[in-house]
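Good morning, colleagues. My topic today is empty space in a protein model, and I shall begin with the enclosed kind.

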Amino acid sequence: MKKFFLFFLLTCLKSFSQQSNIPENFHKPESIKSFGNYLFCEGDYLRASIEYEKYLETNINDTVQFKLASSYSSIQNNLQAIKSFKNMSSSSALFGSGNNELLKNYFLISDLDELKKQSELSPDRTTAKMFLYLGLFSNGSLTFTDSEFLKLFPDKNKPDMKIFYERKKNPGYKSPLLASCLSAILPGAGKFYTDRWGDGITALITTGLLAFLSIDNFNADHHFRGWIFAGLGFFFYAGNIYGSAASAYIYNDNVDEEFEREFSNYIQNENYFLPAYNFCK
Amino acid sequence: MKYIFLFIISSPFFLSAQSETEKWEKGKYNYEIKSSHLNSHSHNSDGSAAGLTIALYKFLISDLDGDNCAFAPSCSSFFVEAVNESGLFRGTLMFADRLTRDFNPTGRNENYPLKLNGKYIDPVRYYVQTTASER
């Protein structure tokens, strides 16, 4: 009986013991690559890069190398993307595309020196030159003419790029000195010049009212009150001149910010004028 | 008697024992970031004449009036910061301009797109760097 009980107990322990549910091929390279591809197609680039790194520790595959670098680029880890693109073999079918993506990443980190070097050494010098000019353009160094700039882009983008070039060359800044002078002549005029109509009208009314009160009090021989209103009027008058200059600087900053935002959105939407790669068909 | 004594001794263990629901109850935390820079309706003065004047103003007038300024930092705090950063003369000019802008009730959403606790963000640094060398 005791033996039967012991046998029964041991059988139960074996039958209900915890067994591993992990399949045998879970850690195989093909599984890691498949999982990485799935994550890449889902847009989970951070985890895809981890899986691809794991795969590439023991395997060589240029498509995976390209996708690893693309994943880094997508999560804006441009330095790692550059390192990964540089590891691509020159005999690979994706070498040319990888080189273009490498140039794009140099542009994104504004490494103009490297782009200058690549514009002379790169197998695709036109693309390298395009990114170099885009980098110079973004930095504000318009050391080239519009025709030199536009010939680097596809025909369908040339009209838009021409508009951007004109906007960069003539941004339509407001002069702080002119704004101050206008406000000195007529309080609030400098604010009208910088499109701050409400502030300009307020400055005009405030200064005008205080000046009127001052004159009125002096005419009524209330000198003390007259001087108080004159002091307050001068206080707001001087503040309005300073504020007009400041509003011109703020206006110019807003112009720059808006341009950078629109330009950046445009070239992102055009995929930086590079062909789009779809590995997820 | 023995059982009553045992019950009294052991009752704290039952009453204060960790029960499953208590142990795993979600804590109530307030993740609101309290910005001391822009919410500057305090009486702390930095010892300067401007700071003391503003502290007096806040104590005597502003506390009765309430936190009415539409901007962050408030106009009085803006004055103190402007004087601290740019000196008395330039700080006073910036304050005069700020008052003028405060009097204008229109166009605030276009000119001051950022908000903090319902107030339009308008810090001193927007108006400090106005010469080419400073920018």
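Searching the whole structure yields 1 cavity of 30 Å³ or more; a cavity is a set of points, on a 1 Å grid over the protein atoms alone, where a 1.4 Å probe fits but cannot get out. This is a predicted model, in which local features need pLDDT of at least 70, side-chain atom pairs count only at pLDDT 80 or more, and totals for chains, interfaces and linings use all residues. Residues are numbered from 1 along each chain as its sequence is written, chains are lettered from A in the order in which they are written, and side-chain values use heavy atoms, without hydrogens and water.

The largest cavity holds about 30 Å³, a volume being the space filled by probe spheres set on the points, joined across faces, edges and corners. Its lining (residues with an atom within 4 Å of a point) includes A:Lys191, A:Arg196, B:Asp97 and B:Tyr127. α14(A) contributes the most to that lining, with 4 residues; helices are DSSP runs of H or I, at least four residues, numbered from the N terminus.

Let us turn to pockets: open sets with protein on both sides within 12 Å along at least five of seven lines. The largest encloses about 660 Å³. Among its 24 lining residues, A:Arg196, A:Ile250, A:Asp253, A:Asn254 and B:Tyr126 are closest to the centre. Here too α14(A) gives the most, with 9 residues.

The second largest pocket has about 560 Å³, and α4(A) gives the most to its lining, with 4 residues.

Notes: Helices (H or I, at least four residues) and strands (E, at least two) are DSSP runs, numbered from the N terminus.
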